Amino acid sequence: MATVVRMPALSDTMTEGVLVAWHKKVGDTVKSGDLLAEIETDKAVMEFESFFNGTLLYAIEAGQSIKVDAVIAVIGRPDEDWRSAVEGSAPAAAAAAPEKAPAPQVVEAVMAPLAASAPAAGDDRVKASPLAKAIAKQEGLDLQAIKGSGDEGRIVKRDVEALIQNRPAAAAAPVTAPEAQGEYTDIPLTQMRKTIARRLGESMFTAPHFYLTMEIEMDKCMAARTSLNAISPVKLSFNDFVVKATAMALRRHPAVNSAWLGDKIRQHHYVHMGVAVAVDEGLLVPVVRNADLKSLSQIAAEVRDFAEKARDRKLQPQDMSGNTFTISNLGMFGIEEFTAIINPPDACILAVGRIAERPIRGENNTVAFANFMKVTLSCDHRVVDGALGAKFLQTLKELLEDPMRMLV
């Protein structure tokens with residue numbers, strides 16, 4: 001009997017996914033373990049392998065947004081009737097169809113033949129990253145015309161972007177529609193952007209936020225960074241110092257390292273630090289586990305690796321789960337001070353601004369200069385009170401203003 005393939009839940013927060021591309025065409029033989037498709041979740045574009053043997057009889061059209069557990073394909077013997085298999089799973093198929101649609105129309109909508117929208121001849125044999133394929137499809141580019149610079153000629157994001165930048169201005173112009181007051185461009189929401197909107201909206205309007213801002217003198221930290229970079233196996237950034245100092249401060253103030261669970265407060269006995277990384281599609285938060293127990297160079301290496309994976313959309317769900325506290329740093333963009341929305345289920349998030357030099361009163365009423373950095377702690381008032389947040393920031397200030405404390 002033909003087997004129905006459903007949209008998998010590839011992360012703990014995934015409710016729907018976009019089928020970016022198929023690696024098998026209708027009529028192809030499929031074996032268990034074969035790469036079947038690429039699916040965009042709320043966190044990354046992930047490869048989806050087949051668990052079944054047989055022939056791909058039908059599949060949904062690539063590019064569609066499908067609810068988790070809805071039917072996306074049928075695998076069976078070449079002579080089998082795929083409709084019989086789908087009709088036997090009508091509830092799952094209906095999840096991807098408009099409400100109140102008659103049952104026969106549900107089957108047609110969900111199980112549109114892949115052959116009707118198959119890629120141009122040879123496209124399925126082009127080696128390209130999932131993100132490169134997604135961008136090329138959005139821009140209407142032929143992958144066959146792009147020369148890859150990745151391993152074994154694999155087309156990556158930079159190759160597609162280079163072609164977009166170099167094509168004639170007329171061809172690169174966005175599709176616009178006339179309006180009484182001008183023009184506009186509609187940009188479809190990615191799964192990542194939908195999830196960011198939902199989770200942060202829930203956080204902002206559910207958790208009672210309050211904010212504490214503190215100024216930290218960074219001169220000794222700057223000097224320590226220069227000295228340590230002379231011997232460190234990886235280059236240390238100021239953000240690495242902030243991650244380490246924050247993790248150590250959380251160890252001293254475990255009540256801040258907590259989460260609101262509705263009927264109880266969970267106080268974590270480990271420090272898993274979420275480090276926000278900006279990508280074109282939104283914001284990803286990979287997690288440095290047991291950050292308080294790691295050296296500055298270990299933290300630097302992990303954060304750098306996570307940032308590269310985030311840019312290439314290679315982060316896995318396990319890389320972005322389990323955080324107990326989050327840091328968002330916009331100092332590299334010249335932002336002096338800002339407030340951040342708490343990243344659930346954390347009780348707090350630390351917003352870090354740039355380091356700026358300003359005059360101070362020196363000895364004998366002379367003018368001296370020092371470097372300062374502002375940090376703002378966003379707190380969930382259900383878990384963290386003002387005095388507790390203030391004490392946490394005082395400890396953070398002590399560690400960053402005297403970084404040798406982090407090394408002993």
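Here are some notes on the structure above, meant to be read with the 3D view open.

1. **What you are looking at.** Keep in mind that this is a predicted model. The protein has 11 helices and 20 strands, so give yourself a moment to find your way around. Of its 408 residues, 46% are buried.

2. **Surface and contacts.** The accessible surface adds up to about 20,900 Å², and carbon and sulfur atoms own 53% of that area. Now think about who touches whom: among contacts with a separation of 6 or more, 62% are between residues 24 or more positions apart.

3. **Helix α11, checked with a ruler.** Find residues 386–401, which make up helix α11. Does its length come out longer, shorter or as expected? With 16 residues at 1.5 Å a residue, the helix should span 22 Å. The C-alpha atoms at its two ends are 22 Å apart, so the model agrees with the expectation.

4. **Which side of α11 is hidden?** Look for Gly-389, Phe-392, Leu-393, Thr-395, Leu-396, Leu-399 and Leu-400: these residues of α11 are buried. They sit on the same side of α11, because the arc they cover around the axis is only 155°. What do the buried residues of α11 pack against? Their partners include two helices, α8 (219–229) and α9 (238–252). There are strands as well: β11 (209–217), β18 (325–329), β19 (348–361) and β20 (367–380).

5. **A nonpolar patch on the outside.** Try colouring Met-204, Phe-205, Tyr-211 and Ile-341, which form a nonpolar patch on the surface. Together they have about 410 Å² of accessible area. Met-204 belongs to helix α7, residues 191–206. Is Met-204 buried or partly exposed? Its relative accessibility is 33%, so Met-204 counts as partly exposed.

6. **Salt bridges, starting with Glu-16 and Lys-67.** Side chains of opposite charge can pair when their charged atoms come close. In this model the count of salt bridges is 16. One of them joins the side chains of Glu-16 and Lys-67, at 3.7 Å from N to O. Glu-16 is in strand β2 (residues 16–22) and Lys-67 is in strand β7 (residues 65–67), so this pair ties together parts that lie 51 residues apart in sequence. The two ends have their own surroundings: Glu-16 counts as buried because its relative accessibility is 13%, while Lys-67, at 39%, is partly exposed.

7. **Lys-24 and Asp-34, a pair between loops.** Here the side chains meet in a salt bridge at 3.6 Å, N to O. Lys-24 sits in the loop between β2 and β3 (29–30), and Asp-34 in the loop between β3 and β4 (35–40), 10 residues apart. How accessible is each partner? Lys-24 has a relative accessible area of 18%, so it is buried. Asp-34 has 22%, which makes it partly exposed. The cut-off for buried is under 20%, so check the numbers before trusting the labels alone.

8. **A small network to finish.** Asp-79 and Arg-77 also form a salt bridge through their side chains, at 3.7 Å from N to O. Which residues make up the network here? Salt bridges with shared partners join Arg-77, Asp-79 and Glu-80 into one network. As for accessibility, Asp-79 is exposed because its relative accessible area is 63%, and Arg-77 is partly exposed at 48%.

Technical notes
Residues are numbered from 1 along each chain as its sequence is written. This is a predicted model: local features need pLDDT of at least 70, side-chain atom pairs count only at pLDDT 80 or more; totals for chains, interfaces and linings use all residues. Side-chain values use heavy atoms; hydrogens and water are left out. Patches are made of residues with over 30% relative accessible area and no salt bridge: like charges are joined within 9 Å, nonpolar side chains (Val, Leu, Ile, Met, Phe, Trp, Tyr) within 5 Å. Accessible areas come from the Shrake-Rupley method with a 1.4 Å probe; for residues, only the protein chains shown count as cover. A salt bridge is a side-chain nitrogen of Lys or Arg within 4 Å of a carboxyl oxygen of Asp or Glu. Helices (H or I, at least four residues) and strands (E, at least two) are DSSP runs, numbered from the N terminus. Buried means under 20% relative accessible area, exposed over 50%, partly exposed in between (1.4 Å probe, protein chains only). The expected span of a helix is 1.5 Å times one less than its number of residues. The arc is that of the directions from the helix axis to the C-beta atoms. Contact means heavy atoms within 4.5 Å.
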